[in-house]
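Hi everyone, thanks for coming. I'd like to walk you through one structure today, so please have a look at it on the screen while I talk.

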Amino acid sequence: MDQTPTLSNFDQLYKNQTAPWVIGEPQPAVVGLEEAGLITGRVLDAGCGTGEHTILLARRGHDVLGVDGSAQAVEQARHNAAQQGVDAHFEVADALRLDAPPTYDTVLDSALFHIFDDADRARYVAGLGRVTTTGSTVHVLALSDAGRGFGPQVSEATLRAAFADGWEVESLTTTTYRGVVTEVHAEQFGVAPGTRVDEPAWLARFRRR
């Protein structure tokens, strides 16, 4: 990324209900992580958006907190949880200033890491180090540089470099990320606005040393 988008940009997308990553359900890759037993202990859903993953995990019995820097997103997440009758917990918190006690065993990052520029990426990973302990796991689902420009994209090298200090790469594989094509990308993708697409993505698992 040349520059990390501002929180006001995200607030506007959520307010106008035009965020292309809001698909009304969890990402298939995240569902797969949960079903494989790879999400354990106390969980932080960093950049939770409208709460689909926090709600999924709470429904399945996990101790999970969803945080997002956008107050609009958190408001919608709480509404979604209430509508579904799920006791899910959310807070407004800037992912670049994570400073809670180091009590999280698992961190889920779905489409957050890839929005940061170089400097903010380092700040974000440092914050992950503060809220986790030795043995904790961070799962990152990020759009791949093999994609068509659906959103910010990162390379495998970028992921590895960001977690080079204090983390072990346990897994880094290719997968897909599901989104909704907006008018901005409709012509580029050759589909009508509102069409769902599955774009190339990375699914990485880092363990805190």
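Let me begin with a loop. Gln17 sits in the stretch that joins H1 to H2. Please keep in mind that what you see is a predicted model. The backbone at Gln17 has a positive phi of about 55°, although this residue is not a glycine. Is Gln17 buried or exposed? It counts as exposed, because its relative accessibility is 69% and the cut-off for exposed is over 50%.

There is another residue to set beside that one. Ala111 is also not a glycine, and its phi is positive too, at about 65°. You'll find Ala111 in the loop that runs from S4 to helix H5, which covers residues 118-131. Here the surroundings read the other way: Ala111 has 17% relative accessibility, so it counts as buried, the limit being under 20%.

Ala111 also takes us to the largest pocket. Which residues lie nearest the centre of that pocket? They are Phe10, Tyr14, Trp21, Ala111 and Ile115, out of a lining of 45 residues. The elements that give two or more residues to this lining are helix H1 (7-15), helix H3 (52-59), strand S2 (63-68) and helix H7 (183-189). H1 supplies the largest share, with five residues. As for the space inside the largest pocket, it comes to about 880 Å³. If you like to think in chemistry, the lining has 24 nonpolar residues, 16 polar ones and five charged ones.

Now back along the chain to H2, residues 28-35. Its buried residues are Ala29, Val30, Val31, Leu33 and Glu34. A quick reminder about helices: an α-helix has 3.6 residues a turn, so residues three or four places apart point the same way. What covers the buried residues of H2? The cover includes H3 together with four strands: S4 (104-110), S5, S6 (167-180) and S7 (196-208). After H2 comes Gly37, with a positive phi near 75°.

My next stop is Ser144. This serine is in the loop between strand S5 (132-143) and helix H6 (156-162). Ser144 is buried, because its relative accessible area is 5% and the cut-off is under 20%. Who are its contacts? Leaving aside residues up to four places away in sequence, Ser144 touches Gln153, Val154, Pro200, Ala201 and Trp202. Tyr177 is worth finding on the screen as well: Ser144 and Tyr177 are 33 residues apart along the chain, and their C-alpha atoms are separated by 9.1 Å.

Let's zoom out to finish. The chain has seven helices and seven strands, and reading along the sequence gives α-α-β-α-β-α-β-β-α-β-α-β-α-β. Its radius of gyration is 16 Å, close to the 17 Å that the globule rule gives for 209 residues, so the chain is as compact as a globular protein of that length. Along the principal axes, the C-alpha atoms fill a box of roughly 45 × 40 × 30 Å.

How much of the chain is buried? Buried residues make up 47% of the 209. Among contacts with a separation of 6 or more, 74% come from residues 24 or more positions apart. On the outside, the chain exposes about 9,600 Å², and carbon and sulfur atoms supply 47% of that area.

That's my tour, and I'm happy to go back to any part of it.

How values were computed:
Residues are numbered from 1 along each chain as its sequence is written. This is a predicted model: local features need pLDDT of at least 70, side-chain atom pairs count only at pLDDT 80 or more; totals for chains, interfaces and linings use all residues. Side-chain values use heavy atoms; hydrogens and water are left out. Buried means under 20% relative accessible area, exposed over 50%, partly exposed in between (1.4 Å probe, protein chains only). Contact means heavy atoms within 4.5 Å. On a 1 Å grid over the protein atoms alone, a cavity is a set of points where a 1.4 Å probe fits but cannot get out, and a pocket is an open set with protein on both sides within 12 Å along at least five of seven lines; lining residues have an atom within 4 Å of a point. Grid points are joined across faces, edges and corners, and a volume is the space filled by probe spheres set on the points. Ala, Val, Leu, Ile, Met, Phe, Trp, Tyr, Cys and Pro count as nonpolar, Asp, Glu, Lys and Arg as charged, and the others, Gly among them, as polar. The radius of gyration is taken over C-alpha atoms; the globule rule is 2.2 Å times the number of residues to the power 0.38. Accessible areas come from the Shrake-Rupley method with a 1.4 Å probe; for residues, only the protein chains shown count as cover.
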